[in-house]
Amino acid sequence: MKYINAKEIIKSTDKSSSEKNDCSVRAFTTALDVDYDAAHSYLKNVFKREDKKGCKKMETTAREISLSGETQKIDNVEFDLEVLPESKVTNTYKLHGEVIARKKTVKSFIKDFSKGIYLVLVSGHVFTVKNGLMIDNVGEEWRPTRKVESVFELKLKNVLVQTEFEFARFC
């Protein structure tokens, strides 16, 4: 699994150094390459995130935005937020002749979705997967078997998609 620590690419600000429980802010910041403070304001206004308390309604609000089809904007980056269907975040197995669906692990999700920009929700946490690169907090790279709860794809509207060459500098 290719991994980079989110702190290595997020420019420190007064707000970022005083925050905690800010994985949702970091996820949007790293996914869209936007300013931390702008992502913080967006989550506060749109997702009703409270300072230092995390984003309690991340999944519900993201689903509402996805259903509305409204293009979102942080700084000058416009994007559509789409919820991946349950079938995309589960693996199916045959057990004693019966087909069962189980949630993908982080590792299997990254393997299956090596292109695109995703916000991946696991229990109590969210991080970025960008063209097969996991961008998360220190220590999280050692937890590849966490179960994926849901995934939101960010489709950029007015920005050129970065090439694999540009991502090579992080690996």
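The following questions and answers introduce helix 2 and its surroundings in a predicted model.

Visitor: On what terms are the values of this predicted model given?
Guide: Residues are numbered from 1 along each chain as its sequence is written, and side-chain values use heavy atoms, with hydrogens and water left out. Local features need pLDDT of at least 70, side-chain atom pairs count only at pLDDT 80 or more, and totals for chains, interfaces and linings use all residues.

Visitor: Is helix 2 parallel or oblique to helix 3?
Guide: Helices are DSSP runs of H or I of at least four residues, and strands are runs of E of at least two, numbered from the N terminus. The axes of helix 2 (residues 23-32) and helix 3 (residues 36-46) come within 9 Å and cross at roughly 120 degrees, where axes are lines fitted to C-alpha atoms over the stretch in contact and angles run from 0 to 180 degrees between N-to-C directions. Angles under 35 degrees count as roughly parallel, over 145 as roughly antiparallel, 65 to 115 as roughly perpendicular and the rest as oblique. Helix 2 is therefore, with respect to helix 3, oblique.

Visitor: Which residues of helix 3 make the contact with helix 2?
Guide: Contact means heavy atoms within 4.5 Å. From helix 2 the contact takes S24, V25, R26, F28 and T29. On the side of helix 3 the residues are Y36, A39, H40, Y42 and L43.

Visitor: How many residues of helix 2 are buried?
Guide: A residue is buried under 20% relative accessible area, exposed over 50% and partly exposed in between (1.4 Å probe, protein chains only). The buried residues of helix 2 include C23, R26, F28 and L32. Helix 2 is mostly covered, its buried residues numbering 10 of 10.

Visitor: Is the ring pair of F28 and F79 stacked, edge-to-face or tilted?
Guide: Rings of Phe, Tyr and Trp (its six-membered ring) pair if their centres lie within 6.5 Å; planes under 30 degrees apart count as stacked, over 60 as edge-to-face and the rest as tilted. F28 in helix 2 and F79 in strand 3 (residues 77-83) are 51 residues apart, and the pair links distant parts of the chain. F28 is buried at 0% relative accessibility, and F79 is buried with a relative accessible area of 0%. With ring centres 6.2 Å apart and planes at 50 degrees, the pair is tilted.

Visitor: Which residues do ring pairs link into a cluster with F28?
Guide: The count of aromatic pairs comes to eight. Ring pairs link F28 into a cluster with Y42, F47 and F79.

Visitor: What is the C-alpha to C-alpha distance between T128 and R26?
Guide: T128 lies in strand 7 (residues 125-130) and is buried, with a relative accessible area of 0%. Leaving aside neighbours within four places in sequence, the residues in contact with T128 include R26, A27, T30 and A31. T128 and R26 are 102 residues apart in sequence, and their C-alpha to C-alpha distance is 8.3 Å.

Visitor: Which residue with a positive phi follows helix 2?
Guide: This residue lies in the loop between helix 2 and helix 3, and at 47% relative accessibility it counts as partly exposed. Its phi is positive, about 55 degrees, although it is not a glycine. The residue that follows helix 2 is D33.
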